[in-house]
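Work through the exercises below with the sequence and the structure at hand. Try each task before reading its solution.

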Amino acid sequence: MIADQEPEVGPEPLESYEKYRTQLFNYFRRCGVRREASEDLTQATFLLLLEDPDRFRPERGSLRVFLFGIARNLRRAWARKSRWQGESFDDSVHPAAYRGGPPEEIVALRAAIQSLAEEAREAILLRELHG
């Protein structure tokens with residue numbers, strides 16, 4: 001840690017939760033995760049941080065980047081488990097749905113995005129979420 005720099009995870013983890021929970025919840029929702037599961041995954045992200053706060057190393061990146069890395073891994077695990085158990089994603093929460101426009105454009109956009117590799121889809125999603 002750089003001298004005179006406040007640690008992002010410290011005696012008040014609630015502040016970190018308040019600062020990032022909405023962003024993480026929205027990430028899960030935009031990935032098509034159902035609302036209830038998004039709430040659970042958001043909480044699980046912070047629980048993993050609280051269980052082992054030494055895993056976060058400020059010299060390697062910001063807390064935000066660290067949390068989104070955890071979130072991405074949890075979402076992937078949730079997706080694998082959901083497919084195995086026959087659960088479905090929430091199709092009503094697709095990034096294109098927020099843009100409006102004719103349905104045929106949304107269908108074409110969805111098909112184009114789904115044809116991309118998973119890493120490319122995530123890059124587009126994160127770009128839409130965070131600019």
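**Exercise 1. Confidence**

What pLDDT does the chain average, and what percentage of the residues score at least 70?

Solution. The model is predicted. Its chain averages a pLDDT of 76, and 69% of the residues score at least 70. By element, helix 2 has the highest mean pLDDT, 92, and helix 4 (residues 103-114) has the lowest, 72. Over residues 1-7 the pLDDT is below 50, and this stretch has 3 contacts in the model beyond near neighbours in sequence. Residues 91-100 also stay under 50; for them the model has 15 contacts beyond four places in sequence. Where pLDDT is low, the predicted coordinates should not be read in detail.

**Exercise 2. The chain as a whole**

State how many helices and strands the chain has, and describe its burial and surface.

Solution. Start with the secondary structure: there are 5 helices and 0 strands. In sequence order the pattern is α-α-α-α-α. Next, take burial: 29% of the 131 residues count as buried. The chain exposes about 8,700 Å², of which carbon and sulfur atoms supply 52%. Last, take the contacts between residues at least 6 apart in sequence: 65% of them join residues at least 24 apart.

**Exercise 3. Helix 2 and Ser-38**

Compare the span of helix 2 with its expected value, then decide whether Ser-38 is buried or exposed.

Solution. Helix 2 covers residues 35-51, and Ser-38 lies in it. At 1.5 Å a residue, the 17 residues of helix 2 should span 24 Å. The C-alpha atoms at its ends are 24 Å apart, so the two values agree. The buried residues of this helix are Ala-37, Ser-38, Leu-41, Thr-42, Thr-45, Phe-46 and Leu-49. For Ser-38, the relative accessibility is 0%, so this residue counts as buried. With neighbours within four places in sequence left aside, Ser-38 is in contact with Phe-25, Phe-28, Arg-29 and Val-33.

**Exercise 4. Aromatic pairs**

How many aromatic pairs does the structure hold? Classify the pair Tyr-27 and Phe-68, and then the pair Phe-56 and Phe-66.

Solution. The structure holds 4 aromatic pairs. In one of them, the ring centres of Tyr-27 and Phe-68 are 5.7 Å apart and the planes stand at 80°. Planes over 60 degrees apart count as edge-to-face, so the pair Tyr-27 and Phe-68 is edge-to-face. Tyr-27 belongs to helix 1 (residues 13-30) and Phe-68 to helix 3 (residues 63-85), so the pair ties together parts that are 41 residues apart in sequence. Both Tyr-27 and Phe-68 are buried.

For Phe-56 and Phe-66, the ring centres are 5.5 Å apart and the planes are at 55°, so this pair is tilted. Phe-56 sits in the loop between helix 2 and helix 3, whereas Phe-66 is in helix 3, 10 residues apart. Phe-56 has a relative accessible area of 8% and is buried. Finally, ring pairs link Tyr-27, Phe-28 and Phe-68 into a cluster.

**Exercise 5. The nonpolar core**

How many residues does the largest nonpolar core have, and which helix supplies the largest share?

Solution. The largest nonpolar core has 21 residues. Helix 1, helix 2 and helix 3 each supply at least two residues of this core. The largest share, 9 residues, comes from helix 3. The residues with the most contacts inside the core are Leu-24, Tyr-27, Val-33, Leu-63 and Leu-67. Take Leu-24: not counting residues up to four places away in sequence, Leu-24 touches Thr-42, Thr-45, Phe-46, Leu-67, Phe-68 and Ala-71. In soluble globular proteins, nonpolar side chains tend to be buried together.

**Exercise 6. Two partly exposed residues**

Where are Gly-69 and Glu-118 found, and what lies across the sequence from each?

Solution. Gly-69 is in helix 3, and at 24% relative accessibility Gly-69 counts as partly exposed. The C-alpha atoms of Gly-69 and Thr-45 are separated by 9.3 Å, while the two residues are 24 residues apart along the chain.

Glu-118 is in helix 5 (residues 118-130). Its relative accessibility is 30%, so Glu-118 counts as partly exposed. With neighbours within four places in sequence left aside, Glu-118 is in contact with Arg-75 and Arg-76. Glu-118 and Arg-76 are 42 residues apart in sequence, and their C-alpha atoms are 9.9 Å apart.

Conventions
Residues numbered from 1 in each chain as written. Heavy atoms only, no water. Helix = DSSP H or I, 4+ residues; strand = E, 2+ residues; numbered from the N terminus. Buried < 20%, exposed > 50% of the residue type's maximum accessible area, 1.4 Å probe, protein only. Contact = heavy atoms within 4.5 Å. Areas by Shrake-Rupley, 256 points an atom, 1.4 Å probe, with all protein chains shown as cover. Phe/Tyr/Trp six-rings, centres within 6.5 Å; stacked < 30°, edge-to-face > 60°. Expected span 1.5 Å × (residues − 1). Core = buried A, V, L, I, M, F, W, Y, C linked by side-chain atoms within 4.5 Å. pLDDT = per-residue confidence, 0-100.
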